[in-house]
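Q: I would like a close look at one part of this model. Please take me through that part and its surroundings in one connected answer.

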Amino acid sequence: MRPEITKKERDCIVVLMERGSFPVRLYNVAEMLNVKPPTAHELISRLISKNIVQKSNGIISLTDEGKLLYDEIIMAHRTLEIIMARSGINSEKACSQVEKIDYLMDESSIEKLFSNLGSPEICPHGKPVRPPHL
Ligand SMILES: [Zn+2]
């Protein structure tokens, strides 16, 4: 069962993953999300309690479950972007609109939209739609 997350939690998952192999500490999270350290602390604590994030010696990273959730968010994001782009919405606008809802989408609905689109390999930004693990 996938945990419910907020938009800020979604943004945190995305920056943690896109930061790559750089070690991330609490102040990095605060900086990347443009929030104050106490807010970042609260956010990370919530993500830890949902088993999405782990903290070891002050280094914050996604759990395996968090990585899977990231993949699902990204697939939803890119699938919805394609629908919008094909409807004539420019890709920047599509991207900023889709960010507001991608993390709320149900995975099986996204699978249906994706296959209905003809299982496209890349999004309007040229990135793979289906992450390798899904
Ligand atoms: Zn996008």
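The request concerns the largest nonpolar core. Which residues have the most contacts inside this core, and which elements each supply at least two residues of it?

A: The model is predicted. I start with the frame, go on to the core, and then turn to the elements around it.

First, the frame. The chain has six helices and two strands. In sequence order the pattern is α-α-α-β-β-α-α-α. The C-alpha atoms fill a box of roughly 45 × 30 × 25 Å along the principal axes. The radius of gyration is 15 Å; a compact globule of 134 residues would have one near 14 Å, so the two agree. Buried residues make up 28% of the 134. Among contacts with a separation of 6 or more, 57% join residues 24 or more positions apart. The domain assignment gives domain 1 as 7-62 and domain 2 as 72-134. Their C-alpha centres lie 24 Å apart.

Now the core. The largest nonpolar core has 29 residues. I13, L16, I44, V53 and I73 have the most contacts inside it. Six elements are listed as supplying at least two core residues each: α1 (7-18), α3 (37-49), β2, α4, α5 and α6 (107-116). Helix α4 gives the largest share, with eight residues. Where does the core lie relative to domain 1 and domain 2? Both domains give residues to the core, so it lies between them. There is a general background to this. In soluble globular proteins, nonpolar side chains tend to be buried together.

Take I13 as a way in. Neighbours within four places in sequence are left aside here. I13 is then in contact with I52, L62, G66, L69, Y70 and I73. One of these partners, I73, is itself among the residues with the most contacts inside the core. Another, L62, is a buried residue of β2.

That leads to the strands. Which side chains of β2 (residues 59-62) are buried, and which are not? The side chains alternate along the strand. I60 and L62 point to one face and are buried. I59 and S61 point to the other face and are not buried. The partner strand is β1 (residues 53-56), paired with β2 in the antiparallel sense over four bridges. Q54 has S61 as its bridge partner. S56 stands opposite I59. The two strands form a hairpin with two residues between them. N57 sits in that loop between β1 and β2. Its phi is positive, about 50°, although N57 is not a glycine. N57 counts as exposed because 6 other C-beta atoms lie within 10 Å, and the cut-off for exposed is 12 or fewer.

Next, α5 (residues 91-98). This helix supplies at least two residues of the core. Its buried residues are A94, C95 and V98. Seen down the helix axis, they fall within an arc of 100°, so they line one face of α5. The helical repeat sets the background. An α-helix has 3.6 residues a turn, so residues three or four places apart point the same way. E92, K93 and S96 are exposed, on the face turned away from the buried side. What do the buried residues of α5 pack against? They pack against α4 (64-86).

One residue of α4 shows a further link. A85 is in this helix. Residues up to four places away in sequence are not counted here; A85 then touches S91, A94 and P124. Of these, A94 is one of the buried residues of α5. A85 and P124 are 39 residues apart along the chain, yet their C-alpha atoms are separated by 7.0 Å. A85 itself is partly exposed, with 17 other C-beta atoms within 10 Å. Buried would need 20 or more, so A85 does not reach that class.

Last, the segment after α6. S119 lies there. Its phi is positive, near 45°, and S119 is not a glycine. S119 is exposed, with 11 other C-beta atoms within 10 Å.

To close on the core: it lies between domain 1 and domain 2, and α4 brings its largest share.

Terms used
Residues numbered from 1 in each chain as written. Predicted model: local features only at pLDDT ≥ 70, side-chain atom pairs only at ≥ 80, totals over all residues. Rg over C-alpha atoms; globule rule 2.2 N^0.38 Å. Contact = placed C-beta atoms within 7 Å. Domains from an automatic or database assignment. Arc of directions from axis to C-beta. Pairing = 2+ DSSP bridges. Core = buried A, V, L, I, M, F, W, Y, C linked by C-beta atoms within 7 Å.
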